[in-house]
Amino acid sequence: MLAVRSRKPAGYDDVPTLPLYRSAPALDVRLEEFELFAIDRLRVLKGISDGLSRGKKHEEMEKLVNDLWKTNMRHPQASEDINKDIISHFVLRLVYCRTEELRKWFLSMETALFRHRFRNERPEAQRSLMAEFGLAYKKVDISELESVMDKLTQVARSTSQSLPTADAIFYKVPFEEVPELVGSRRVFISKGHAYIAMSQVVSLVATHFRSHLSKALMLTNRKWTSTIVEQEKNRLTPIVEALSTSYLGPDYSQPKEFAEISLRDIDDIAKSSFPMCMRHLFEKLREEHHLKHGGRMQLGLFLKGVGLKLDDALAFWKAEFSRKVGAERFDKEYAYGIRHNYGREGKRTDYTPYSCQKIISSTPGVGDHHGCPYRHFSEENLTAALGRMGVNSRALGDVMNKVRNKHYQLACTLTFEAVHGTSCEAGINHPNQYFSDSQMIMKSKNQSTAKDTQMQIESS
């Protein structure tokens, strides 16, 4: 374990020391901490991912990451903050080493987090980190700096950077080591070397951090597949395999905001407050009077979470299925599954509604209607579905851009905002959250309308 133990400036006393995660810590970790520490760090990384996907500005991202870290990565014992940091990183390294897609996401988010934390270090600590990476670059001496000052000033002006001063610190490094700065034309290049200011060192160090982590993830993957997955099949493996798709919010096993929905109102509520994934299933059930197992589970648990009581659920499903398979077959083959979802059969487990992550990761087959429309629909079918929900052409373009970039939950969030005419800063992470937030907005609008009507009556 290598770490820079630097003294923090005023305002950053609560930011932990920045480790480089060179090797796994020789620490005893309880299984409970193994999972909880990883989940806390995952909240940070997913928050960063959401912020970047929503196009937040640099200043907004800095505040977001700082708040996420303070909220999730503090340990009750301050002296244990550094251990929680290191343990959580290595647990998630194990979780996200297993596929190319997982490695790519983890690599990007950890590098973004590293950048933020590096920028919060004092210059002395930043230079120490450079030394840890073996970046023994010498400062540009005064005479050379004076000879290129005009060029440095021109670059700074053209890219709206702070103008260099006579006592500024610059490093001269091979240009291929700072591709981000070269690509954005934010550095002066001469004879194959880029002149980078101390404020730009983060790009250089982050490149090395990313390279080191990328190689480490590949090595971890080999260890995972060759030994760990089998040796830990009854202990760590189930936790590791579940963490990459884990949902970190409320489980919505019980309706909270709205006590129940009635069969009388369910069609109107489906049109106004169901997310597309559930609205599609609901409409297909009404149209075909049948859903396969995946669809019944996805829609059935959602309806349970929004407040459909067991007796009403049985009546709802029976009314539809009976039109295709008959009442007797429904009672024999399908009623048990509904009671089971409500914890009235089998192990009496209180099953929870599916989160967005679980739905997105599903693999519907031919004839299935479950899954995430933003991921599983064709572009033509998705465009038509968005139109039926009332999404205008301008918002539709934004939604489809998110879909093409595989930001499915953000696409759903933009749909929510377009349909309801309001922002959703928290983003949509669960179908039942979509429903709950929608109902609150609808309730507020209805109360406002009723109040306006009453005022008109009183004034007439």
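This is a working chat about the pockets, cavities and one sheet of a predicted model.

Student: Start with the open space. What volume lies in the largest pocket?
Tutor: About 1800 Å³.

Student: How many residues line the largest pocket, and which lie nearest its centre?
Tutor: The lining has 47 residues. Nearest the centre are Lys46, Ser49, Trp105, Gln357 and Gln409.

Student: Which helices supply at least two residues of that lining?
Tutor: There are H1 (31-53), H2 (58-72) and H4 (100-119). Add H16 (356-360) and H20 (408-420).

Student: Which element gives the largest share of it?
Tutor: H1 does, with 8 residues.

Student: And by class, how does the lining of the largest pocket divide?
Tutor: It has 20 polar, 16 nonpolar and 11 charged residues.

Student: Next pocket. How much space lies in the second largest one?
Tutor: About 610 Å³. Its lining counts 27 residues. Closest to the centre are Gln161, Arg186, Ala197, Ser199 and Gln200.

Student: Which elements give two or more residues there?
Tutor: Five helices and a strand are named: H4, H5 (123-132), H6 (142-158), H7 (179-183), H8 (201-231) and strand E5 (193-197). H6 gives the most, with 3 residues.

Student: What about the classes in the second largest pocket?
Tutor: The lining has 16 nonpolar, 6 polar and 5 charged residues.

Student: E5 came up. What sheet is E5 part of?
Tutor: An open sheet of 3 strands, in the order E3-E5-E4. The pairing is antiparallel.

Student: Why is one side of E3 and of E4 left without a neighbour?
Tutor: E3 (170-174) and E4 (188-190) stand at the edges. Each has a single partner strand, so one side of each has no neighbour in the sheet.

Student: What is the average turn between neighbouring strands?
Tutor: They are turned by 30° against each other on average, with direction ignored.

Student: How many bridges join E4 to E5?
Tutor: There are 3 bridges between these antiparallel strands. To find your way in the viewer, take Phe188, which stands opposite Tyr195 in E5.

Student: Which helix packs on the sheet?
Tutor: H6 does, touching E3, E4 and E5. The direction of H6 makes about 135° with that of E4. H6 also gives 3 residues to the lining of the second largest pocket.

Student: Now closed spaces. How many cavities of 30 Å³ or more turn up?
Tutor: A search of the whole structure finds 2. The largest holds about 120 Å³.

Student: Which residues lie nearest the centre of the largest cavity?
Tutor: Of its 13 lining residues, those are Cys277, Cys356, Cys372, Tyr374 and Cys412. The elements giving two or more residues are H11 (276-288), H16, H17 (373-376) and H20.

Student: Charged or nonpolar lining there?
Tutor: The lining has 12 nonpolar residues, 1 polar and no charged ones.

Student: And the second largest cavity, what is its volume?
Tutor: About 80 Å³. The lining is Met276, Arg279, His280, Glu283, Phe377, Ala385, Arg388 and Met389.

Student: Which elements give two or more of those?
Tutor: H11 and H18 (379-388). The largest share comes from H11, with 4 residues.

Student: How does that lining divide by class?
Tutor: The second largest cavity has 4 nonpolar, 1 polar and 3 charged residues in its lining. For the largest cavity, the charged count was none.

Notes
Residues are numbered from 1 along each chain as its sequence is written. This is a predicted model: local features need pLDDT of at least 70, side-chain atom pairs count only at pLDDT 80 or more; totals for chains, interfaces and linings use all residues. Side-chain values use heavy atoms; hydrogens and water are left out. On a 1 Å grid over the protein atoms alone, a cavity is a set of points where a 1.4 Å probe fits but cannot get out, and a pocket is an open set with protein on both sides within 12 Å along at least five of seven lines; lining residues have an atom within 4 Å of a point. Grid points are joined across faces, edges and corners, and a volume is the space filled by probe spheres set on the points. Ala, Val, Leu, Ile, Met, Phe, Trp, Tyr, Cys and Pro count as nonpolar, Asp, Glu, Lys and Arg as charged, and the others, Gly among them, as polar. Two strands pair if DSSP finds at least two bridges between them. Axes are lines fitted to C-alpha atoms, for helices over the stretch in contact, and angles run from 0 to 180 degrees between N-to-C directions. Contact means heavy atoms within 4.5 Å.
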